[in-house]
Amino acid sequence: MGRLALKDEILMQVEKPARYIGNEVNAVIKDKEQVDIRFAMCFPDVYEIGMSHLGIQIIYDMLNQFEDVWCERVYSPWVDLDAIMRREQIPLFALESQEPIRNFDFLGITIQYEMCYTNILQILDLSGIPFLAEERTWEDPVVIGGGPCTYNPEPICDFFDLFYIGEAETRYRELLDLYKKCRDEKTSRKEFLERAAQIPGMYVPSLYEVSYHTDGTLKERHALIKEIPIKIEKELVTDVSDTYYPEKPIVPFIKVTQDRVVLEIQRGCIRGCRFCQAGQLYRPVRERSLEMLKAYAVKMLKNTGHEEISLSSLSSSDYSCLPELLDYLIETCKEQKINISLPSLRIDAFSLDVMNKVQDVKKSSLTFAPEAGSQRLRNVINKGLTQEEILEGARLAFEGGWSRVKLYFMLGLPMETEEDIEGIADLCNQIAAVYYETVPKEKRTGRVQIVASTSFFIPKPFTPFQWAPQCTKDEFLHKAYLTRTAIASQLNQKSIKYNWHEADVSVLEGIMARGDRRLNKVILRAYQKGCMYDAWSEYYKNDVWFETFEECGIDPSFYTTRERNDDEIFPWDFLDCGVSREFLLREWHKAKDESITPNCRVQCQGCGASRFRTGVCTEGGRGQ
Amino acid sequence: MKVRIKFAKYGTVRFIGHLDVMRYFQKAIRRAGIDVAYSEGFSPHQIMSFAAPLSVGHTSEGEYFDLEVNSFTDSKDFKKKLQSVMVEGIEILDVQPLEQGAKNAMASVAAAAYLVSFRDETILPALWKEALLDFYAKPEIPVIKKTKKGEKEINLKESIYDLEIRTGISKKGQETVPENEIYLLLNAESGENIKPVFVLETFFQTLSFELPPFSLLIHRLETMQNMGTQEERRLVPLLWEK
């Protein structure tokens, strides 16, 4: 039995001490004398969030399959422990060995959302690793970032030695071998990074320089050494059925957000919604084989003992073997009373039938994501969901006994007008009306419950809307106000509940999303002034953030409210996610024309992803 | 049919709370492939009953729960299956089928035995051992006990069935052997449960000494049922050789 890094007195003082003790079922313990590389994999948020992330489980499993590597986990200590660790100068430690992170060879950080940037600094700070990559020596781990936010890594590029662009399954072995070689040859840390930058998918920010025009936009970037590429192409798994996937995911002791087996059925999405970053980044869509999924479902349930399995993908209804997979899962799960959860399913006769089979008789609520209130605006965003489909789906659901409906919308989309916002209220009202038309009085169990939620739209890199202006905070709040009053004036307003997001944090997220290298100093300064856990509204300090922008002489609106010219060079343009800039620009112009684009299965749009020669791009002999 | 399972909890898992231990076993039972019975109804769950919750931070070698199963071959096989899916620090000690109509684990609990030691004895008042034995020798120890409904005055002495000072013994998952240990046998009936911390805090108050926070190491030795009467108790472990 290993020692714990924290004394009993500390563990007894903090909330949920089980966050810090490791030793969970399926956690991997190795003999540290028998491995060459110690890898700490980090999700910079609290344990319950980090443990729910599939990507880390995949990487953890893969790295631990390598005999010479021991991969451990580390999460952000919650604010209570954070304060104690600072006061008592306790170094941040990995869960498995309980040893300080600073002694590791690598610190890998997955960067899933912009609002975790200050938590990255918390991790470095508590570990005793210098914030700035340029100040690190071989005494420090190599700090490597991955995940969706690395598709614009520039705002945090000073804090990372390198970024891994794309899917982790492909290049880690090569990188680790290079690391071992360099350590054996006793090369400098700088030389290791220079050589790492020559591995496909690796971006070493310190090896590139950028310059700006007087108006603040990017002028050019160049590499400081000739051996490295100026454009970095993302890494991608071509055969998703024959690759790493955890058979024995870790089972936390405490209840985490995702307390279930997660079966990723496919990667990518054929839909091409213009606001959606994931829909572009993970192109082309690649399905895992039915055989693989069946086998993993059984093994993962057996090895975890979870009572629920969830299918994961951006749009599960598009998975071509979905009926076969569900039949198999229903049959397998029946005996052991295992729940099947089906997020991201289009509501239609098929999905309602499936949900009837897998869910409790107590019907949970159904979710629609129209995203915009009018057909015109849905065309602008290329959300291929019509009002008829929504109303028909609702009618079928009400007939099937459901009486709660959740609806998700975005406010602040490009080209949005007041009519579009009123359309949100009108759609909610019509759904309520469908309920009262469909369900006879004697069968009603009270009022239908419609919950409409709006989030504020934030333009993201590598989407057709990367050129679009973002709303100001006041515009956001005005739109939320219009939505609220429009809902309140509906006939069925008593059946409709409306929730909206905070506007402050959406503005900051927008700045970070399309930010550049000049933001590094703002983030560091904001952290030093106490900003942390920005994704948690109770700890978000808006005043401090905006005070810091001013202090650093940076105008936040440069990053948000400005419409970009077609030919502006973006800070992230040096990355190649597979989808070409020409395609995105074409889509941006089509959005302005309110013109829709068919999905990948209907007609290839020549986005550029076909060069990977896999997935939907090669279906039916296409693209060969 | 019902099976009673006895387990130990020590080492790092002492920081897992009672509800999470229950969740842990629900998943472990699935991993072990045990033919467990599920309740009827909309959200079926395993039919289990835990004897007495153990506070976070305490260790134990006398934890119990009952489990309803559809089939049962033999104790050895069951124990082996369950043990094979345990984490370090949770150990299956015994498994026995229960007789038809036996009271469930929770309802059976009458008392619990503990070994209590101090993280750092040097901070204690001089002659505390003598004082503790004097304290226990008193015929009456009036105390205010906080309950869910409010506060009530009870005679603590009636709930302390035994108290001894013993030489410390080594325990799994503990690095050091304490010099002295206090053996406590306390009432653990539902609604009457007395925690060892409460006894020792009460005692040290009589010496006008405030126990520093987290200074006690508490180990549950056994959870007991009463095979005698209310007047003449005969306390035996929840699983015992008749």
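What share of the contacts in chain B with a separation of 6 or more comes from residues 24 or more positions apart? The answer is 69%. Keep that in mind while going through the views below, which come from a predicted model.

**Figure 1. Chain B as a whole, with five helices and 11 strands.** The radius of gyration of this chain is 19 Å, close to the 18 Å from the globule rule for 242 residues, so chain B is as compact as a globular protein of that length. Lay a box along the principal axes and the C-alpha atoms fill roughly 55 × 40 × 35 Å. Of the 242 residues, 50% are buried. The accessible surface adds up to about 12200 Å², and carbon and sulfur atoms hold 51% of that. As for charge, chain B carries 31 positive and 34 negative side chains, with the centres of the two sets 5 Å apart.

**Figure 2. The hairpin of β6 and β7 in chain B.** Here strand β6 (residues 142-147) runs antiparallel to strand β7 (residues 150-155), and six bridges join the two. Just two residues sit between the strands of this hairpin. To find your bearings, pick out B:Ile144, which stands opposite B:Glu153 in β7(B). Strands of a sheet pair through backbone hydrogen bonds, in either a parallel or an antiparallel way.

**Figure 3. Helix α5 of chain B and what lies over its buried residues.** The helix takes in residues 196-206, and its buried residues are B:Pro196, B:Val199, B:Leu200, B:Thr202, B:Phe203 and B:Phe204. An α-helix has 3.6 residues a turn, so residues three or four places apart point the same way. Which elements cover the buried residues of α5(B)? The cover includes one helix, α4 (128-137), along with the strands β5 (109-118), β6, β8 (160-167), β9 (180-187) and β10 (216-226), which belong to chain B too. So β6(B), the strand joined to β7(B) by six bridges, turns up again here as part of the cover over α5(B). After the helix comes B:Ser208, with a positive phi near 55 degrees.

**Figure 4. B:Arg14, a loop residue with contacts in both chains.** Look for B:Arg14 in the loop between β1 (2-9) and α1 (18-31) of chain B. Is this arginine buried or exposed? B:Arg14 counts as buried, at 12% relative accessibility. Leaving aside neighbours within four places in sequence, B:Arg14 is in contact with A:Asp8 from chain A. On the chain B side, the contacts of B:Arg14 are B:Lys9, B:Val56, B:Gly57, B:His58 and B:Thr59.

**Figure 5. A:Pro17, seen from the chain A side of the contact with chain B.** This proline belongs to the loop between α1 (8-13) and β1 (37-43) of chain A. A:Pro17 is buried, with a relative accessible area of 9%. Not counting residues up to four places away in sequence, A:Pro17 touches A:Leu11 in chain A, plus B:Phe15 and B:Val56 in chain B. You have met B:Val56 already, among the contacts of B:Arg14. From A:Pro17 to A:Leu6 the C-alpha distance is 9.7 Å, with their positions 11 residues apart in sequence.

**Figure 6. An open six-stranded sheet in chain A.** The strand order is β2-β1-β3-β4-β5-β6, with mixed pairing. At the edges stand β2 (69-75) and β6 (202-203), each with a single partner strand, so one side of each has no neighbour in the sheet. For β6(A), strand β5 (residues 162-164) is joined to it by two bridges, and the pair runs antiparallel. One bridge to spot is the one that partners A:Phe163 with A:Tyr203 in β6(A).

**Figure 7. A:Glu134, an exposed loop residue of chain A.** The loop in question runs between α5 (117-127) and β4 (142-146) of chain A. A:Glu134 has a relative accessibility of 71%, and exposed means over 50%, so this glutamate counts as exposed. A:Tyr559 is 425 residues away from A:Glu134 in sequence, and 26 Å away in space, C-alpha to C-alpha.

**Figure 8. Chain A as a whole, with 20 helices and 19 strands.** A compact globule of 624 residues would have a radius of gyration near 25 Å, and chain A agrees at 25 Å. Along the principal axes, the C-alpha trace spans about 75 × 65 × 60 Å. Buried residues make up 59% of this chain.

Notes
Residues are numbered from 1 along each chain as its sequence is written. Chains are lettered from A and ligands numbered from 1 in the order in which they are written. This is a predicted model: local features need pLDDT of at least 70, side-chain atom pairs count only at pLDDT 80 or more; totals for chains, interfaces and linings use all residues. Side-chain values use heavy atoms; hydrogens and water are left out. Helices (H or I, at least four residues) and strands (E, at least two) are DSSP runs, numbered from the N terminus. The radius of gyration is taken over C-alpha atoms; the globule rule is 2.2 Å times the number of residues to the power 0.38. Buried means under 20% relative accessible area, exposed over 50%, partly exposed in between (1.4 Å probe, protein chains only). Contact means heavy atoms within 4.5 Å. Accessible areas come from the Shrake-Rupley method with a 1.4 Å probe; for residues, only the protein chains shown count as cover. Lys and Arg count as positive and Asp and Glu as negative; His and the chain ends are not counted. The place of a charge is taken as NZ of Lys, CZ of Arg, CG of Asp or CD of Glu. Two strands pair if DSSP finds at least two bridges between them.
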